Amino acid sequence: MPSLTLHQGKSILDPQELARGFEQLGYITDPALATSIYLAVSLAKPLLLEGHAGLGKTEVAKTLAAMLDTRLIRLQCYEGLDVNSAVYEWNYQKQLLAIKIKERTGLSVEEKEKHIFSHDFLMERPLLQAIQEKEFSPVLLVDEVDRADEAFEAFLLELLSDYQISIPELGTVKAKHAPLVILTSNRSRELGDALKRRCLYHWIEYPSLEKETKIVAARLPGIAAEFERQIVAFVQSVRRLNLAKAPGVAETLDWAQALASLGKNTVDRESIEDTLGCLSKSMEDTAKIKAAGIEKMLTEVG
Ligand SMILES: Nc1ncnc2c1ncn2[C@@H]1O[C@H](COP(=O)(O)OP(=O)(O)O)[C@@H](O)[C@H]1O
Ligand SMILES: [Mg+2]
């Protein structure tokens, strides 16, 4: 098994140091999340982050790559994702052209074949790129893995067990440095037990009032503290309404930005009504918020 190779001086001592590094890059962790990420690095194990949309899963991988000063390689999963898009593909057009050019050279069929099935004709997709990094371990983000199908999950599991890929025409490509793997899932389907067993696991919850206030402060430094507190408190009470799709941190940030760009510096009923589209993404949820009474929620927020 290949091991992790980090930039010199980029080792992380403990979860607290990881949390500080993340905070410097604008990402607010909590002790459980910081510990999971720390362990993923120190044990060189893949980390599976599950949770609702917009809670900072993808951003963990980006921040980790930035903190370790290494490359981020991202594989966005979707239904029907296959080896051609995830691992490698032969460049047919270039191969055809090469055959045409070599037609008159008198090379044997075997020689031609060897030529066109070489690295020059290989289009490397994220998973192959991730195990071919030369200097340091990259962060490999396998984003929204729940969207890919089970066959792909099985393939991924195999890759994660030995970090090697076999290409029939070329042989086996082995990683020199194990990538640091972060998988995310919005849980649109349950992932297989085998994949979960291979990974460290962390469920990202909606943030506490305190954590979310820190996030807004980190991401939108221009907003006054009291205004920030009102915004976050209101979003937190919207989350308690049992909506079909509760607003995530992404929505809080969008909403705060919308209010700020409308020149607001306090949260009132009218501006909430005008900007509800930032928090609710369906007619039904908007109706639920209105039925709960914006005025009443505001008095609770204080
Ligand atoms: N803990 C956090 N600290 C700082 N920013 C955060 C945090 N959680 C979420 N965000 C911000 O919220 C937005 C959505 O995050 P993202 O990682 O795309 O969510 P997910 O992948 O869970 O859907 C991004 O702009 C991200 O920077
Ligand atoms: Mg995401």
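Which residues in H11 meet residues in H15? I shall answer that shortly; please note that we are looking at a predicted model.

Let me begin with the overall layout. The protein chain is divided into domain 1 (15-80 + 127-203), domain 2 (88-124) and domain 3 (209-296). The centres of domain 1 and domain 2, taken over C-alpha atoms, are separated by 34 Å. Between these two domains, seven residues of domain 1 are in contact with seven residues of domain 2.

I turn now to the interior. The largest nonpolar core has 55 residues, and those with the most contacts inside it are Leu64, Ile182, Phe234 and Trp255. Helix H11, residues 225-239, gives the most to this core, with seven residues. Because domain 1 and domain 3 both give residues to this core, it lies between them. There is also a second, separate core of 36 residues, which includes Leu75, Tyr88, Tyr163 and Val181.

Consider Trp255 in more detail. Leaving aside neighbours within four places in sequence, Trp255 is in contact with Ile231, Phe234, Val235, Val267, Ile272, Thr275, Cys278 and Leu279.

This brings me back to the opening question. In H11, the residues are Arg229, Gln230, Ala233, Phe234, Ser237 and Val238, and they meet Ile294, Met297, Leu298 and Val301 in H15. The axes of H11 and helix H15, residues 294-301, come within 9 Å and cross at roughly 125 degrees. The two helices, H11 and H15, are therefore oblique to each other. Their crossing, that of H11 and H15, is right-handed.

Methods
Residues numbered from 1 in each chain as written. Chains lettered and ligands numbered in written order. Predicted model: local features only at pLDDT ≥ 70, side-chain atom pairs only at ≥ 80, totals over all residues. Heavy atoms only, no water. Core = buried A, V, L, I, M, F, W, Y, C linked by side-chain atoms within 4.5 Å. Buried < 20%, exposed > 50% of the residue type's maximum accessible area, 1.4 Å probe, protein only. Helix = DSSP H or I, 4+ residues; strand = E, 2+ residues; numbered from the N terminus. Domains from an automatic or database assignment. Contact = heavy atoms within 4.5 Å. Axes fitted to C-alpha atoms, helices over the stretch in contact; angles between N-to-C directions. Parallel < 35°, antiparallel > 145°, perpendicular 65-115°, else oblique. Left-handed = near helix turned anticlockwise from the far one by under 90°.
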